[in-house]
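Thanks for making time, everyone. I'd like to walk you through a structure that's probably new to most of you, so have it open on your screen.

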Amino acid sequence: MSELRELYQEIILEHNKTPRNFGKIETANRTQEGYNPLCGDHLHVHLYVNGDQIEEISFEGSGCAISKASASLMTAAIKGAPVAEALELFEHFHQMLTAEVDEPVDDERLGKMAIFAGVREFPMRVKCATLAWHTMKAAVLDGQDPVSTE
Amino acid sequence: MTALVERPAMDPSHSIDVEKIRRDFPVLNEKIRDKKLAYFDNGATTQKPLTVIYAVQRFYTTENANIHRGVHFLSQQATFAYERARGRIGQFLNARDNSEIVFVRGTTEAINLVAHSYGRPNVGEGDEIIISHIEHHSNIVPWQMLCEEKGAKLKVVPINEAGEFLFDEYEKLLSERTKIVAVTHASNALGTILPIKEITALAHKHGAVTVVDGAQGVPHLPVDMQDLDCDFYAFSGHKLFGPTGVGVLYGKKQLLDAMPPWEGGGSMIQRVSFEGTTYADPPTRFEAGTPNIAGGIGLEAAIDYVNSVGREAIAAYETELYDYAVEAIGEVPGLRLIGTAREKVAVLSFVLGDIHPHDIGTILDAEGVAVRAGHHCAQPTMQFYQVPATVRASLAFYNTRGEIDTLVKALHKVNEVFQ
Ligand SMILES: Cc1ncc(COP(=O)(O)O)c(C=O)c1O
């Protein structure tokens, strides 16, 4: 049960219940669809990118608690950030999720995203935690086709 | 207190000794994260009894050789064993002739084979193919591909809220344009049983053939081909307690005889020259290349095992366990059963409040309970119920009431985490 508590932390459950930046934004100039065919998680990420700055970001869709909370926390973390910084954070986040379970977590770099460290115990759920991020990345790099985790 | 209705005495041939059976399935003793395994993902694949494991092991240990080609002793032995397995499957399905049994990789390959070798020559522009709303993707996509290629139309028989096949609607869809009716024997996502015999009789009246996806039918239901009278029937060995990578296409002899091959290669020929090739008779015509020999032999062992437990006893036990499970999970607050057809195999598909099935699956797994969480390769079925996914517990005759209790307890835990 302790691994479960690690996974389903209060903050994750809370963001699942009341996700931040949920819905469409009128001013969006980038929209990207993301899809996890294995489990049917499906979301859209909307961004307003101005120069190299992510000024606005939101998401909508359906998914498990992990994917929804990760999307919600992502929007909170990178809203107002330079694109390069957002991509770098994704890089660190991804590394953390796929690292060995006992590897120390770099809280400073990851900020709130560090609470997803518990996902490492559940390799099948890594894709849930990264779906929104992959989608955001494709959007800022101006991808056209829907992003798939497979 | 009112007098209890007297139950008919249990026919002893209808009861099974589940503890004894469980000893035949070694994997059931496994511990998952320090918890006893409760395996409820039988719809995805079933566990294997020792007799199957040993049959495969024995083949590789003492009999291994390729079939239908060597004159040496082992090749003859292997050929004999493989063909004996075919015969056993023929008996099991009550086929008229062993040549009606084609070995394939599984249900998916069997349906694709029919779409290719029966569908392509027999379906033309403006023709129609009928399927049901609750098909597995493997009984949807091959027909969509065929329709696209031929300019034919795919018609879908709707279901009601319980997940039942609407026979009247089916009747309305049938016409002289209908060439193929492809339906599942039992739905993997809901458990609904379809009335194959009646569906077939009506299809025949309109000159159409029926293709039955038996992946979930074979493990639970009587499969008498002469009684059902369907034209094709497909199933997978691995869902019938046999090995993965082997399955069966049953096809009526006169249909198979008229069909062109599916893949070209070794074994499926009569004579090859650069001027032209003549093909072997069925079933060989459809079995190009070296098949899964050990798989076929393992499947025979699986059928022997199922027969030794008794098909009727299995059905009776599963029904009783299913009724117990429905009542038990009914106590979990927020739980909604998806698929409540009167005629069902032992499948419990459900959602729990607005908790995503994946989260439920992960929490159940932490309690040692293995279920499937997802769309079950039946997205149109999920769309009908307007859910992205469900949790599915699909039962087998080695499951127990104790395991159901474990499932219920774990579901309460899910509610606790997500309170
Ligand atoms: C109803 C149904 N049809 C077809 C299939 C496909 O079987 P296989 O993957 O063994 O080819 C399955 C298995 O998931 C099934 O449940």
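S75(B) is buried, with just 1% relative accessible area. Keep in mind that this is a predicted model. You'll find S75(B) in helix α3 of chain B. So what does S75(B) touch, once we leave aside neighbours within four places in sequence? The answer is A65(B), N66(B), I67(B), H68(B), R69(B) and G70(B). Take A65(B) from that list: the two residues are 10 apart in sequence, and their C-alpha atoms sit 4.9 Å from each other.

Okay, let's stay on chain B and follow helix α3 out of its end. The loop between α3 (73-92) and β4 (101-104) holds N94(B). What's odd about N94(B) is its phi, near 50°, which is a positive value in a residue that isn't glycine. Is N94(B) buried, partly exposed or exposed? With a relative accessibility of 30%, it counts as partly exposed, since that class runs between 20% and 50%.

There's another residue like that further along. Q386(B) is a non-glycine with positive phi too, this time near 55°. Its loop runs between α13 (379-385) and β17 (390-394) of chain B. Q386(B) comes out as exposed, at 73% relative accessibility.

One more backbone detail while we're here. Going from P282(B) to P283(B), the peptide bond is cis, with omega near 5°. As for where that is, P283(B) belongs to the loop that links β12 (276-279) to α10 (293-309) in chain B.

Now zoom out to the whole of chain B. We're looking at 14 helices and 17 strands. How does its radius of gyration fit a chain of 419 residues? The value is 22 Å, close to the 22 Å from the globule rule, so chain B is as compact as a globular protein of that length. Along the principal axes, the C-alpha trace spans about 80 × 55 × 45 Å. Buried residues account for 55% of the chain. And if you take contacts in chain B between residues at least 6 apart in sequence, 72% of them join residues at least 24 apart.

On the outside, chain B has an accessible surface of about 18200 Å², and 51% of that belongs to carbon and sulfur atoms. For charges, I get 39 positive and 52 negative side chains in chain B, with the centres of the two sets 3 Å apart.

Right, over to chain A. Here there are six helices and four strands. If you trace the sequence, the order is α-α-β-β-β-α-α-α-α-β. The radius of gyration is 14 Å, close to the 15 Å that the globule rule gives for 150 residues, so chain A is as compact as a globular protein of that length. Its C-alpha atoms fill a box of roughly 45 × 30 × 30 Å along the principal axes. Of those 150 residues, 48% are buried. In chain A, 60% of the contacts with a separation of 6 or more come from residues 24 or more positions apart.

Chain A exposes about 7200 Å², with 48% supplied by carbon and sulfur atoms. It carries 13 positive and 24 negative side chains, and the centres of those two sets lie 6 Å apart.

Let me show you a helix I like. In α2 of chain A, residues 10-17, the buried ones are I12(A), L13(A), H15(A) and N16(A). They cover an arc of only 165° around the axis, which puts them on the same side of α2(A). Look at the other side of the helix, and E10(A) and K17(A) are exposed. What do the buried residues of α2(A) pack against? In chain A, that's α1 (2-7) and α3 (65-78), and they also pack against α14 (401-417) of chain B.

That brings us to α3 of chain A, where T75(A) lies. At 0% relative accessibility, T75(A) counts as buried. Not counting residues up to four places away in sequence, T75(A) touches R20(A), N21(A), I57(A), S58(A) and F59(A). With I57(A), the C-alpha to C-alpha distance is 5.9 Å, across 18 residues of sequence.

That's my tour, so over to you for questions.

How values were computed:
Residues numbered from 1 in each chain as written. Chains lettered and ligands numbered in written order. Predicted model: local features only at pLDDT ≥ 70, side-chain atom pairs only at ≥ 80, totals over all residues. Heavy atoms only, no water. Helix = DSSP H or I, 4+ residues; strand = E, 2+ residues; numbered from the N terminus. Rg over C-alpha atoms; globule rule 2.2 N^0.38 Å. Buried < 20%, exposed > 50% of the residue type's maximum accessible area, 1.4 Å probe, protein only. Contact = heavy atoms within 4.5 Å. Areas by Shrake-Rupley, 256 points an atom, 1.4 Å probe, with all protein chains shown as cover. Lys, Arg positive; Asp, Glu negative; His and termini not counted. Charge placed at Lys NZ, Arg CZ, Asp CG, Glu CD. Arc of directions from axis to C-beta.
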